[in-house]
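Hi,

Here is the structure I promised to pass on. Have a look at it first, and then read my notes underneath.

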Amino acid sequence: MRQPSVGEALAAALSAEYAAIYAYGRIGVRLTGAARDAAHQAEAAHRRRRDALVVQLSTAGSTVPPDRAGYALPFPVTDRASALRLAVEVEERTAAHWRAALASTTGADRDQALAALVEYAVRATRWRKTAGITPPTVAFPGRPT
């Protein structure tokens, strides 16, 4: 199996960021208080990373994948519990894309991928704790269980 180029790996991570932003639009409306604030902060963090990736890929002459009008969610988000479950899944899936990018990157690109992986692993842990999911941590963030 061919290892993706840096541009391809970062483009895949960008696509994951698009999907995360879309999902947080569905998550936030089902939460209140501190959890809603955390969802807004998470969405803003994904938007910042998306914006930086668009600039980075454009500047490098790499293909910037387009955002889609909508994304399929893995399950309906109908209440607080399903919103929290989706928040965990969003962070785990996005972390997985950044983990995959580690294999194709070096230097500053690798630092960027590692920072994203760590940020999303920590956020997934916080969402698990908020949802009462045990254990709240996973052994290898960004890796399928």
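Below is what I found in it, going through the helix pairs and then a few single residues.

A word on the ground rules: this is a predicted model, so local features need pLDDT of at least 70 and side-chain atom pairs count only at pLDDT 80 or more, while totals for chains, interfaces and linings use all residues. Residues are numbered from 1 along each chain as its sequence is written, and side-chain values use heavy atoms, with hydrogens and water left out.

**Helix pairs**

Two packed helices are described by the angle between their axes and the distance between the axes. Helices here are DSSP runs (H or I, at least four residues), numbered from the N terminus; strands would be E runs of at least two. The axes are lines fitted to C-alpha atoms, for helices over the stretch in contact, with angles from 0 to 180 degrees between N-to-C directions.

Start with α2 (residues 33-60) and α4 (residues 107-131): their axes are 12 Å apart and the packing angle is about 165°. The two are therefore roughly antiparallel (angles over 145 degrees count as that, under 35 as roughly parallel, 65 to 115 as roughly perpendicular, and the rest as oblique). The crossing of α2 past α4 is left-handed, meaning that the near helix is turned anticlockwise from the far one by less than a right angle; clockwise would be right-handed. On the α2 side the contact (heavy atoms within 4.5 Å) is made by A35, A38, A39, A42, A45, H46, R49, L53 and Q56. On the α4 side you have D109, Q112, A115, A116, E119, Y120, R123 and W127. Sorted by class, that contact of α2 with α4 has ten nonpolar, three polar and four charged residues. For the classes, Ala, Val, Leu, Ile, Met, Phe, Trp, Tyr, Cys and Pro count as nonpolar, Asp, Glu, Lys and Arg as charged, and the others, Gly among them, as polar.

Next, α2 with α3: the axes come within 13 Å and cross at roughly 25°, which makes α2 roughly parallel to α3. This crossing is left-handed too. Here A42, H46, R49 and L53 of α2 meet E91, T94 and W98 of α3. By class, the contact of α2 with α3 has three nonpolar, two polar and two charged residues.

Then there is α1 with α4, where the axes come within 12 Å and cross at roughly 25°. That makes α1 roughly parallel to α4, and the crossing is left-handed. V6, L10, E17 and Y24 of α1 make the contact with D109, Q112, Y120, R123 and W127 of α4. The split for α1 with α4 is five nonpolar, one polar and three charged.

**Single residues**

Which residue does the side chain of E91 make a polar contact with? The partner is the side chain of Y24, at 2.5 Å. (A polar contact is a pair of N or O atoms within 3.5 Å; within protein, one must be able to donate a hydrogen and the other to accept it, and residues adjacent in sequence count only if both atoms are side-chain atoms.) E91 sits in α3 (residues 80-102) and is buried, with a relative accessible area of 0%. Buried means under 20% relative accessible area, exposed over 50%, and partly exposed in between, with a 1.4 Å probe and protein chains only. Apart from neighbours within four places in sequence, E91 is in contact with Y24, A42, H46, Y120, R123, A124 and W127.

R123, in α4, counts as buried at 13% relative accessibility. Leaving out residues up to four places away in sequence, R123 touches Y24, A42, A45, H46 and E91.

A116 is also in α4, and is buried at a relative accessible area of 0%. Beyond four places in sequence, A116 touches R49 and W98.

A23 belongs to α1 (residues 6-28) and is buried at 3% relative accessible area. Not counting neighbours within four places in sequence, A23 is in contact with L73, L86 and V90.

One last thing to look at is the backbone after α4, where P135 is placed. Most peptide bonds are trans. The bond from T134 to P135 is cis, with omega near -10°.

Cheers
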